[in-house]
Amino acid sequence: MGTAISLDLADDLPAGRLHELAEETFAWLREVDARFSTYRADSELRRFDRGEVLLSEASPDLRAVLGRCADLWGDTDGFFDAYATGALDPSGYVKGWAAQVASDRLLAAGAPNHCVNAGGDVRARGLSAGGRPWRIGVRHPWDETSTCLVLTGTDLAIATSGVYERGHHVLDPRRGAPATGLRSVTVVGADLGVADAYATAAVAMGVAGIGWLDRLAGHEHAIVTDDARLLHSPRLPTLPTLPSFPPFPTLPTLPSLPPLPTAP
């Protein structure tokens, strides 16, 4: 998937069982990578895109992902577009979907307390090993060593789409050009694949994505704009921002940012 994936198993299970669960989880993620990789010429996704595999011959997972991407295209008024680059690339959904399925499988296998982190797309359930709700940091978009928000809870699907690592790589499908205006978008919901796609779509919308996310039912969000504004929905499950967190860069055309309100 072109990213690092980590797994935290917090249940008090025998070491052998924890090792088995970890191996099963990473085996699934390797299977997803082999099937959906946009980098490997022999992946099922690439072979399907070249017309070497018909839809009727495709695996159930590929058919399911293509169907869901079509639904998400409609849900986002076309801003989540698996064909935005001209070639088929459902990566904006697949990474979150794969981690969600991994979490669902762990839950079904008797490991309800865990956290799967697929390159910043996080599915956390239950409690951490210390018996507390999970704390998930959202990366500061101008400082890779810091966070700008910390989210907390016992059932979280958190997806972040940003331009701070790969530049403005998300395309506005209507203009066919890189989207600008939003530096980072984090979406919190019940399903990580959907949250991942919505975060990608909001970045593709640019500043119009702010209002779209405000109207999005069943999801919370946080946004950092290119001009260094930090915005978030009122019910976002945040911890208070700590004074030690570095501020956003001071831009000469902007007034000082007000402090982030403490979530109830």
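Two helix axes count as roughly parallel at angles under 35 degrees, as roughly antiparallel over 145, as roughly perpendicular from 65 to 115, and as oblique for the rest. The exercises below apply this to a predicted model.

**Exercise 1.** Determine which orientation class describes the packing of α3 and α5, and describe their contact.

*Solution.* Begin with the geometry: helix α3, which spans residues 60–75, packs against helix α5, which spans residues 192–205, at an angle of about 45°, and their axes are 11 Å apart. That angle is not under 35 degrees, not over 145 and not within 65 to 115, and therefore α3 and α5 are oblique to each other. Next comes the handedness, which for the crossing of α3 and α5 is right-handed. Finally, look at the residues that meet: α3 contributes Arg68, Leu72 and Asp75, while α5 contributes Val194, Ala197 and Tyr198. Sorted by class, this contact holds 4 nonpolar and 2 charged residues, and no polar ones.

**Exercise 2.** Repeat the analysis for α3 and α4, and find which orientation class applies to them.

*Solution.* The axis of α3 and that of helix α4, which covers residues 91–108, come within 10 Å and cross at roughly 120°. Since angles from 65 to 115 count as roughly perpendicular and those over 145 as roughly antiparallel, α3 and α4 are therefore oblique to each other. Their crossing is right-handed. On the α3 side the contact is made by Asp61, Val65, Arg68, Cys69 and Leu72, and on the α4 side by Tyr93, Val94 and Trp97. By class, these residues comprise 6 nonpolar and 2 charged, with no polar residue.

**Exercise 3.** Decide whether Ala102 is buried or exposed, and name its contacts.

*Solution.* Ala102 belongs to helix α4. Its relative accessibility is 2%, and so Ala102 counts as buried, the cut-off being under 20%. Once neighbours within four places in sequence are set aside, Ala102 is in contact with Thr25 and Trp28. The C-alpha atoms of Ala102 and Glu24 are separated by 8.9 Å, although these two residues are 78 residues apart along the chain.

**Exercise 4.** Locate Ser43, and work out whether Ser43 is buried or exposed.

*Solution.* Ser43 sits in the loop that runs between α1 (15–36) and α2 (44–49). Because its relative accessible area is 0%, Ser43 is buried. If residues up to four places away in sequence are not counted, Ser43 touches Ala34, Arg35 and Ser37. As a last step, consider the side chain of Ser43, which has a polar atom 3.1 Å from the backbone nitrogen of Arg46.

Terms used
Residues numbered from 1 in each chain as written. Predicted model: local features only at pLDDT ≥ 70, side-chain atom pairs only at ≥ 80, totals over all residues. Heavy atoms only, no water. Helix = DSSP H or I, 4+ residues; strand = E, 2+ residues; numbered from the N terminus. Buried < 20%, exposed > 50% of the residue type's maximum accessible area, 1.4 Å probe, protein only. Polar contact = N/O pair within 3.5 Å; in protein donor to acceptor, adjacent residues only side chain to side chain. Contact = heavy atoms within 4.5 Å. Axes fitted to C-alpha atoms, helices over the stretch in contact; angles between N-to-C directions. Left-handed = near helix turned anticlockwise from the far one by under 90°. Nonpolar A, V, L, I, M, F, W, Y, C, P; charged D, E, K, R; others polar.
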